[in-house]
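Trainee: Please give me a close look at a single part of this model: the packing of its interior, and the charged side chains that go with it.

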Amino acid sequence: MWTRKAAFTFTGGIALILIGMMISNNQMMILGLALIAFIVVNSWISGHGDVEVQRTLSADNLYKGDDLYIELVITNRSNRKTQLLEVYDNIPHEMKLRSGLNHMRLNLNPGESARIRYVLRCPLRGHYSIGPVSLRSRNTFNLGVDEICLLYTSPSPRDLSTSRMPSSA
């Protein structure tokens with residue numbers, strides 16, 4: 001997706017080409033073509049490669065007033081550097097952020113990892129879901145933005161009292 005900066009640059013390039021054609025000014029047309037070429041070349045450069053995110057939680061069940069320690073590990077698995085990668089872990093509005101931050105902006109070299117650690121306080125009783133993790137990458141000149149939401153799925157619980165276990169005999 002283009003940013004406002006890219007849209008104005010592209011519009012300015014088109015306007016310079018059209019005005020240059022109307023008044024027969026070659027320098028204006030060349031400047032307009034340079035702006036459009038800049039946008040086109042910049043759109044070929046992708047912002048992120050293969051990024052892996054792992055989340056670890058300190059506990060599955062919490063009681064009122066307990067703290068939940070969360071750690072995100074972001075790893076660049078591709079052979080190229082990420083460009084202006086922003087990681088944001090969505091948390092429920094009922095939970096309070098006690099320490100740390102749930103977002104980070106970073107650049108990762110190939111094979112490099114970064115960690116985000118933060119602590120949530122659970123003030124109320126109930127069922128809460130943490131996530132999804134949002135990754136937003138911007139290209140080099142901040143002309144394009146790609147956003148990805150990583151959803152975590154877990155198996156649905158089953159009642160084990162009705163299922164039969166195979167016998168070992």
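Mentor: A nonpolar core is a set of buried Ala, Val, Leu, Ile, Met, Phe, Trp, Tyr and Cys residues joined through side-chain atoms within 4.5 Å; buried means under 20% relative accessible area, exposed over 50%, and partly exposed in between (1.4 Å probe, protein chains only). This is a predicted model, in which local features need pLDDT of at least 70 and side-chain atom pairs count only at pLDDT 80 or more, whereas totals for chains, interfaces and linings use all residues. Residues are numbered from 1 along each chain as its sequence is written, and side-chain values use heavy atoms, with hydrogens and water left out.

The largest nonpolar core holds 19 residues. Val53, Ile74, Leu85, Val87 and Leu120 have the most contacts inside this core. At least two core residues come from each of β1, β2, β3, β6 and β7. Strands (E, at least two residues) and helices (H or I, at least four) are DSSP runs, numbered from the N terminus.

Isoleucine 74 shows the packing in detail. Contact means heavy atoms within 4.5 Å. With neighbours within four places in sequence left aside, the contacts of isoleucine 74 include Val51, Val53, Leu85, Val87, Leu108, Ala114 and Ile116. Glu52, Glu112 and Ser113 are also among the contacts of isoleucine 74.

Some of these strands are paired, which takes at least two DSSP bridges between two strands. The order β1-β2-β6-β4 describes an open sheet of four strands with antiparallel pairing. Its edge strands, β1 and β4 (96-100), each pair on one side only. Between β1 and β2 the antiparallel pairing runs over seven bridges, and valine 51 has asparagine 76 in β2 as its bridge partner. Arginine 55 also lies in β1 (residues 51-57). The C-alpha atoms of arginine 55 and glutamate 71 are separated by 5.7 Å, with the two positions 16 residues apart along the chain.

Next, the charged pairs. A salt bridge is a side-chain nitrogen of Lys or Arg within 4 Å of a carboxyl oxygen of Asp or Glu, and by this rule the count comes to eight. In one of them, aspartate 67 and arginine 121 have their closest N and O atoms 2.6 Å apart. Aspartate 67 is in strand β2 (residues 67-76) and arginine 121 in strand β6 (residues 113-121), so this pair ties together parts 54 residues apart in sequence. Arginine 121 is partly exposed, at 28% relative accessibility. A network of salt bridges links Asp67, Arg98 and Arg121.

Glutamate 86 has two such partners to look at. The first pair to consider is arginine 105 with glutamate 86, a salt bridge at 3.7 Å from N to O. Because arginine 105 lies in strand β5 (residues 103-106) and glutamate 86 in strand β3 (residues 85-89), this salt bridge ties together parts 19 residues apart in sequence. The other pair is glutamate 86 with arginine 136, where the closest N and O atoms are 3.9 Å apart. That pair links distant parts of the chain, 50 residues apart, since arginine 136 belongs to strand β7 (residues 133-138).

The accessibility of these three residues covers every class. Glutamate 86 is buried, with a relative accessible area of 15%. Arginine 136 is partly exposed at 27%, and arginine 105 is exposed at 67%.
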